[in-house]
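Reader: I'd like a close look at the charged pairs in this one, and then whatever else you can tell me about how its parts sit together. Keep it relaxed, but walk me through it residue by residue.

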Amino acid sequence: MTLEHQQEKDCVVNVYAEWDPLEEVIVGIVDDAVLPAWDVINKHTVPPGEWEEIAKQLVGKKGNPYPPEIIEAARKEVEEFVHILEAEGVKVRRPDRMDFTQPFATPAWQIKSGFNAANPRDSLLVIGNEIIEAPMADRARHFETWCYRSLLKEYFHAGAKWTAAPKPQLLDDLYDPNYAPPQEGTKKINYVLTEFEPTFDAAEFMHCGRDLFVQKSHVTNEFGIAWLQRHLGEDYRIHVIESRDPQAIHIDSSFLPLAPGKVMVNPKYLDVNNLPKVLKSWDILIPPEPAYKPPQRLGLLSPWISLNILMLDEERIIVEKSEEPLIKAMKDWGFKPIPCEFTNYYPFVGGLHCATLDIRRRGKLQSYF
């Protein structure tokens, strides 16, 4: 065996399926969070006309830091989440702090602030022993991976591949200036992004061995999906799932593979009769209505954040504590749900899955179809 092959075999980074036993994970932090002033994408990912009022109630005005009491409430819950993970045998890593109040610019544009380090799942995609920095379409998140640089360098030295997708220019050409939300009943959903350059958020992808599932959204375009497929090559197949959510951003509250042959599908956002054909032999699990009803100032997320769960293996799943109907359904389906309070994390636009990044799961590359 060559040295290169031995390093790959022993690499600390290893992710192929959502359900392989989780051994190491990055968990985000809420410190220093700012609600961005730049909102070309954000205003389309909440119900039409609600963005300004949500921003006002949450932080006073766009570009302001999150209030200390909201940060502290979320911090307590995420520390309990870390405690649960460690008690279940998972090694937990955390990103570095970063001052998101600082303005930044490129030769073409400038903005007043960044966002936060709460959701590593959004900006980094781990496939096999490779970590890919996502080409995010949100200007406020352009430098968000800086929080993870210490860890990325450590993982590289431990044998991981470290790749950055083409850093997008994020010119005005990427955003449709005439975009309007689709009318009710529209079959074909369009989003604010054009195909000017490749962009995607890492949280748009779900792992099932050699098969990855993705949706187009307000942050992920066809160009970005095509770039990733070409980059990964013939070892992987990417299947595009068509969302019917006009505010779509990230697939992990819509389509969640739980174990080989079992996937939970949100019937509000996806047509269960129009899923990729490779899933025809799988059990399609339909979840109950969410228990969570967001107050207006926390309306950055759909109530279906209830489905944003974290699989520890083919049986153990961490679920928000208040989602009692979902917890019952999971027990009926043969899983072992682990309750964890997490609603105070929701103002940071993430749930249990968003707040984490799988670094190592005990599994190998194989096909499940």
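Which residue forms a salt bridge with arginine 141, and how far apart are the closest N and O atoms?

Author: One thing up front: this is a predicted model. The partner you're after is glutamate 144, and the closest N and O atoms are 2.8 Å apart. Both arginine 141 and glutamate 144 are buried.

That pair has company, since the count comes to 25 salt bridges. Take arginine 237 and aspartate 211, whose side chains meet in a salt bridge at 2.8 Å, N to O. Here distant parts of the chain are linked: arginine 237 belongs to strand 10 (residues 237-241) and aspartate 211 to strand 9 (residues 211-215), with their positions 26 residues apart. The two ends are not equally covered. Aspartate 211 is buried, with a relative accessible area of 0%, while arginine 237 counts as partly exposed at 40%.

Then there's arginine 93 with glutamate 24, another salt bridge, this time at 3.6 Å from N to O. This pair also ties together distant parts of the chain, with arginine 93 in strand 2 (residues 91-93) and glutamate 24 in strand 1 (residues 22-27), 69 residues apart. The cut-off for buried is under 20% relative accessible area, so arginine 93 makes it at 17%, and glutamate 24 does too at 1%. Neither residue is limited to that pairing: a network of salt bridges links Glu23, Glu24, Arg93, Glu154, Arg360 and Arg362.

Going on from strand 10, serine 243 lies in the loop between strand 10 and strand 11 (255-259). Despite being in a loop, serine 243 is buried, with a relative accessible area of 5%. A polar atom of its side chain lies 3.0 Å from the backbone nitrogen of aspartate 245. Leaving aside residues up to four places away in sequence, serine 243 touches Ile189, Tyr191, Gln215, Ala248, Tyr269 and Leu270. Gln215 has a link to the charged pairs above, as strand 9 spans residues 211-215 and also holds aspartate 211.

Now for helix 7, residues 324-332. Its buried residues are Leu326, Ile327, Ala329 and Met330. Looking down the axis of helix 7, you'd see these buried residues fall within an arc of 160°, so they line one face of the helix. The general logic is that an α-helix has 3.6 residues a turn, so residues three or four places apart point the same way. What do the buried residues of helix 7 pack against? Strand 12 (262-265), strand 15 (316-320) and strand 16 (336-340). The face turned away from the buried side carries the exposed residues Glu324, Lys328, Lys331 and Asp332. Just after helix 7 comes glycine 334, which takes a positive phi of about 100°.

Last, the empty space. There are 2 cavities of 30 Å³ or more, and the largest cavity holds about 70 Å³. Its lining is made up of Val15, Arg121, Leu124, Leu125, Val126, Ala202, Ala203, Phe205, His207, Leu357 and Asp358. Strand 5 (124-127), strand 8 (205-208) and strand 17 (356-361) are the elements giving two or more residues to that lining. Strand 5 provides the largest share, 3 residues.

Conventions: Residues are numbered from 1 along each chain as its sequence is written. This is a predicted model: local features need pLDDT of at least 70, side-chain atom pairs count only at pLDDT 80 or more; totals for chains, interfaces and linings use all residues. Side-chain values use heavy atoms; hydrogens and water are left out. Buried means under 20% relative accessible area, exposed over 50%, partly exposed in between (1.4 Å probe, protein chains only). Helices (H or I, at least four residues) and strands (E, at least two) are DSSP runs, numbered from the N terminus. The arc is that of the directions from the helix axis to the C-beta atoms. Contact means heavy atoms within 4.5 Å. A salt bridge is a side-chain nitrogen of Lys or Arg within 4 Å of a carboxyl oxygen of Asp or Glu. A polar contact is a pair of N or O atoms within 3.5 Å; within protein, one must be able to donate a hydrogen and the other to accept it, and residues adjacent in sequence count only if both atoms are side-chain atoms. On a 1 Å grid over the protein atoms alone, a cavity is a set of points where a 1.4 Å probe fits but cannot get out, and a pocket is an open set with protein on both sides within 12 Å along at least five of seven lines; lining residues have an atom within 4 Å of a point. Grid points are joined across faces, edges and corners, and a volume is the space filled by probe spheres set on the points.
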